[in-house]
Amino acid sequence: MIWVIVALIVVVLLILASCLKIVPQAQAYVIERLGAYQGTWSVGFHIKVPFLDKIARKVNLKEQVADFPPQPVITKDNVTMRIDTVVFYQITDPKLFTYGVENPMMAIENLTATTLRNIIGDLELDQTLTSRETINTKMRAALDIATDPWGIKVNRVELKNIIPPAEIQNAMEKQMKAERERREAVTRAEGEKKAKILEAEGAKESAILRAEADKQSAILRAEAQKEKMIREAEGEAEAILKVQQANADGIRMLKEAGADEPVLKIKSLEAFEKVADGQATTILLPAELSGIASLATAWKEGAGK
């Protein structure tokens, strides 16, 4: 009897323990009572009625990702390609998510495929390859409206891969290769052009510098020659001036010593001789000095003997 009572107590405790529930963060529990919707438990501690209440569904409220396999689509210009999409969604209403549609993920996948076919059917191949952002925006708007009665909010849709037919891929690769080679050729041509321009500018600058250097050198040589001639002329003038000064001083001294007129004239002739200094072959003298010159010559010869 005691064992029966203990067993009953244990069963009662286990039943009570099973009725105590803690809902973790970012989750919600949908509760049914006798098969009907009773309520939604949010985060925290909850107690359910034994044998009457049950947890119909545990709902994850985090943002989730659904990666669907590639779907065949046909463009406006009748090109068949395969596109796989990634849908980012979040459950906003656990009740609608539980009772709105039988299989929400399958519903989203089929809805994504049909929406994608409708959008791509209005675009040509080139537009499809270059309008990813536009396609993503249109799909997100369409899916968000369609999934709203299911308690699901579509936050973002991305085209993961766009796979065109093999022959189109080969043609695109050849076109890309040709375009890349063309850009490389243009880049090389521009580089060679710039190199030639720089080389020509360098040669021009070098020629200008050489001409400027020759000009400066010629100017310096001319200035040096001019300075040399000026120095030489000044030296000769100074020498002649000193000779004349010395002769003038000598004549003045003779006058002060009382020399007669013939001696002064002879000294004057000697001054003429020093002035000429052998540079002139002929010296013109006044008529009155001719006789004195003969006399001076005879005097020098006698003095030499």
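Asparagine 78 sits out in the open in this predicted model, with a relative accessible area of 67%. That is past the 50% cut-off, so asparagine 78 counts as exposed. Its place is the loop between strand E7 (71-74) and E8. The backbone here is a bit unusual: phi of asparagine 78 is positive, about 60°, although the residue is not a glycine. For context, most residues other than glycine have a negative phi.

Leucine 34 tells a similar story. Its phi is near 55°, again a positive value in a residue other than glycine. Leucine 34 belongs to the loop between strand E2 (27-33) and strand E3 (36-41), and its relative accessibility of 67% makes it exposed.

A further loop residue, glycine 121, is found between H3 and H4. Glycine 121 is partly exposed, at 28% relative accessible area. Its C-alpha lies 7.6 Å from that of valine 73, even though 48 residues separate the two in sequence. Setting aside neighbours within four places in sequence, glycine 121 touches Ile74, Thr75 and Lys76.

Turning to the helices, H5 covers residues 132-147. With 16 residues at 1.5 Å each, H5 should span 22 Å, and its end C-alpha atoms are indeed 22 Å apart, so expectation and model agree. Buried along H5 are Ile135, Asn136, Met139, Leu143, Asp144 and Thr147. Viewed down the helix axis, these buried residues fall within an arc of 155°, so they line one face of H5. Their cover includes strand E8 (80-91), helix H3 (104-120), helix H4 (125-130) and strand E9 (152-163). One of the buried residues, Asp144, also takes part in a network of salt bridges with Arg140 and Lys153.

Helix H1 (residues 2-19) offers a surface feature through valine 12. Together with Ile5, Ile9, Leu13 and Leu16, Val12 makes up a nonpolar patch on the surface, with about 450 Å² of accessible area in total. Valine 12 itself is partly exposed, at 45% relative accessible area.

As for charged pairs, the structure holds eight salt bridges. One of them joins the side chains of lysine 160 and aspartate 67, at 2.9 Å from N to O. This pair ties together distant parts of the chain, with lysine 160 in strand E9 and aspartate 67 in strand E6 (residues 63-67), 93 residues apart. Both partners are partly exposed: lysine 160 has a relative accessible area of 43%, and aspartate 67 comes in at 45%.

Glutamate 158 and arginine 156 form another salt bridge, their closest N and O atoms being 2.7 Å apart. Here, too, the partners count as partly exposed, with relative accessibility of 24% for glutamate 158 and 48% for arginine 156.

Within helix H6 (residues 166-257), arginine 182 and glutamate 179 lie three residues apart, about one turn of the helix. An α-helix has 3.6 residues a turn, so residues three or four places apart point the same way. The side chains of arginine 182 and glutamate 179 meet in a salt bridge, at 2.6 Å from N to O. Arginine 182 is partly exposed, with 45% relative accessible area, and glutamate 179 is also partly exposed, at 31%.

Conventions:
Residues are numbered from 1 along each chain as its sequence is written. This is a predicted model: local features need pLDDT of at least 70, side-chain atom pairs count only at pLDDT 80 or more; totals for chains, interfaces and linings use all residues. Side-chain values use heavy atoms; hydrogens and water are left out. Helices (H or I, at least four residues) and strands (E, at least two) are DSSP runs, numbered from the N terminus. The expected span of a helix is 1.5 Å times one less than its number of residues. Buried means under 20% relative accessible area, exposed over 50%, partly exposed in between (1.4 Å probe, protein chains only). The arc is that of the directions from the helix axis to the C-beta atoms. Contact means heavy atoms within 4.5 Å. Patches are made of residues with over 30% relative accessible area and no salt bridge: like charges are joined within 9 Å, nonpolar side chains (Val, Leu, Ile, Met, Phe, Trp, Tyr) within 5 Å. Accessible areas come from the Shrake-Rupley method with a 1.4 Å probe; for residues, only the protein chains shown count as cover. A salt bridge is a side-chain nitrogen of Lys or Arg within 4 Å of a carboxyl oxygen of Asp or Glu.
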